[in-house]
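Work through the exercises below with the sequence and the model open. Each task is followed by a solution in steps.

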Amino acid sequence: MSYTLKNIKNCPIKGRTTVKVTSDFGKRKLYNRITKQYESNFHNGIDITGGNEIVSFLSGIVTSTSNNVSAYSDKYKTGNYITINHGNNLYSSYYHLKKGSICVKKGDYIEAGTKIGIMGATGHVTGKHLHFGIKKNGKWVDPKEYLLNEVNLDKNTNTEIIYIVKKGDNLSKIAARYNTTWKNIYNKNKELIGDNPNLIKVGWKLKI
């Protein structure tokens with residue numbers, strides 16, 4: 001049964017404070033118009049509609065994306081998706097995005113409200129919507145608490161930024177990206193980097 005969710009504080013759909021929830025978190029039974037069969041499963045997020053542009057509901061680092069599913073698919077059930085690490089074992093997931101619309105990549109640090117893609121109907125879906133999920137400490141939880149700001153997000157997220165070193169990086173380049181200095185980054189990561197700040201390796205996770 002669908003219903004309206006109001007007074008959203010941290011919405012993953014740009015410009016919205018109200019959305020329509022078409023499928024709630026938890027156990028569910030539904031009719032699949034594509035396969036013409038009933039399905040029963042545990043829904044690890046909520047399906048929402050209203051609006052078009054999808055944004056990160058909090059700041060974080062993109063950990064995975066998929067951008068090549070074109071339509072309905074039982075093989076790739078999540079369709080085109082993005083997962084974001086917000087720190088302190090809190091992750092958000094955005095499923096069924098439009099093919100080719102994802103505009104962030106793995107390793108990117110993005111602020112809350114940053115455009116990440118467009119709502120679509122890819123994967124195991126029967127219509128256009130966003131599946132939004134929250135995983136805390138390795139367990140899926142009801143995301144409505146986070147959308148409505150019923151949890152203390154300051155306690156559930158880590159304000160410290162983690163940057164994954166890429167080919168061609170140096171501390172000065174990374175520092176310029178985050179409006180800090182290479183010395184600040186070096187001092188925070190001296191135990192990892194060692195005595196020579198010019199020697200950083202691809203794949204290292206640096207505190208910013």
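**Exercise 1.** Is Lys144 buried or exposed?

Solution. The model is predicted, so local features need pLDDT of at least 70 and side-chain atom pairs count only at pLDDT 80 or more, while totals for chains, interfaces and linings use all residues. Residues are numbered from 1 along each chain as its sequence is written, and side-chain values use heavy atoms, with hydrogens and water left out.

Step 1. Take the cut-offs: buried is under 20% relative accessible area, exposed is over 50%, and partly exposed is in between (1.4 Å probe, protein chains only).
Step 2. The relative accessible area of Lys144 is 14%, so Lys144 is buried.

**Exercise 2.** Find the salt-bridge partners of Lys144 and place them in the chain.

Solution.
Step 1. The rule asks for a side-chain nitrogen of Lys or Arg within 4 Å of a carboxyl oxygen of Asp or Glu. In general, side chains of opposite charge can pair when their charged atoms come close.
Step 2. Asp24 and Lys144 form a salt bridge with an N to O distance of 2.7 Å. Asp24 sits in the loop between β2 (19-23) and β3 (26-32) and Lys144 in helix α1 (residues 144-147), so this pair ties together parts 120 residues apart in sequence. Helices (H or I, at least four residues) and strands (E, at least two) are DSSP runs, numbered from the N terminus.
Step 3. Asp142 also forms a salt bridge with Lys144, with the closest N and O atoms 2.8 Å apart. Salt bridges with shared partners thus join Asp24, Asp142 and Lys144 into one network.
Step 4. Compare with the burial of the partners: Asp24 has a relative accessible area of 28% and is partly exposed, and Asp142, with 22%, is partly exposed as well.

**Exercise 3.** How many salt bridges does the rule give? Describe one that involves Lys105.

Solution.
Step 1. The count comes to 7 salt bridges.
Step 2. Lys105 pairs with Asp108, and their closest N and O atoms are 3.2 Å apart.
Step 3. Asp108 has a relative accessible area of 10%, so Asp108 is buried.

**Exercise 4.** Which side chain makes a polar contact with the side chain of Lys128?

Solution.
Step 1. Locate the residue: Lys128 is in the loop between β11 (115-118) and β12 (130-136). Its relative accessibility is 47%, so Lys128 counts as partly exposed.
Step 2. List the contacts (heavy atoms within 4.5 Å). Beyond residues up to four places away in sequence, Lys128 touches Thr49, Asn52, Met119, Gly120 and Ala121.
Step 3. Apply the polar rule: a pair of N or O atoms within 3.5 Å, where within protein one must be able to donate a hydrogen and the other to accept it, and residues adjacent in sequence count only if both atoms are side-chain atoms. The side chain of Asn52 meets that of Lys128 in such a contact, at 3.0 Å.

**Exercise 5.** Which backbone nitrogen does the side chain of Ser101 reach?

Solution.
Step 1. Ser101 is in the loop between β9 (90-97) and β10 (109-110). With 12% relative accessibility, Ser101 counts as buried.
Step 2. Apart from residues up to four places away in sequence, Ser101 touches Asn67, Ile116, Gly117 and Ile118.
Step 3. The nitrogen belongs to Ile118, and the side chain of Ser101 reaches it at 3.0 Å.

**Exercise 6.** Identify the histidine partners of Asn44 and Ser23.

Solution.
Step 1. Asn44 lies in the loop between β4 (37-43) and β5 (46-49). Its contacts, leaving aside neighbours within four places in sequence, are Phe25, His131, Gly133 and Trp140.
Step 2. The side chains of Asn44 and His131 make a polar contact of 3.0 Å.
Step 3. Ser23 is in strand β2 and is buried, at a relative accessible area of 11%. Outside the neighbours within four places in sequence, Ser23 is in contact with Arg28, His43, Gly45, Ile46 and Asp47.
Step 4. The side chains of Ser23 and His43 make a polar contact of 3.5 Å.

**Exercise 7.** Summarise the chain as a whole.

Solution.
Step 1. The chain has 5 helices and 15 strands.
Step 2. Its C-alpha trace spans about 65 × 35 × 30 Å along the principal axes.
Step 3. Of its 208 residues, 42% count as buried.
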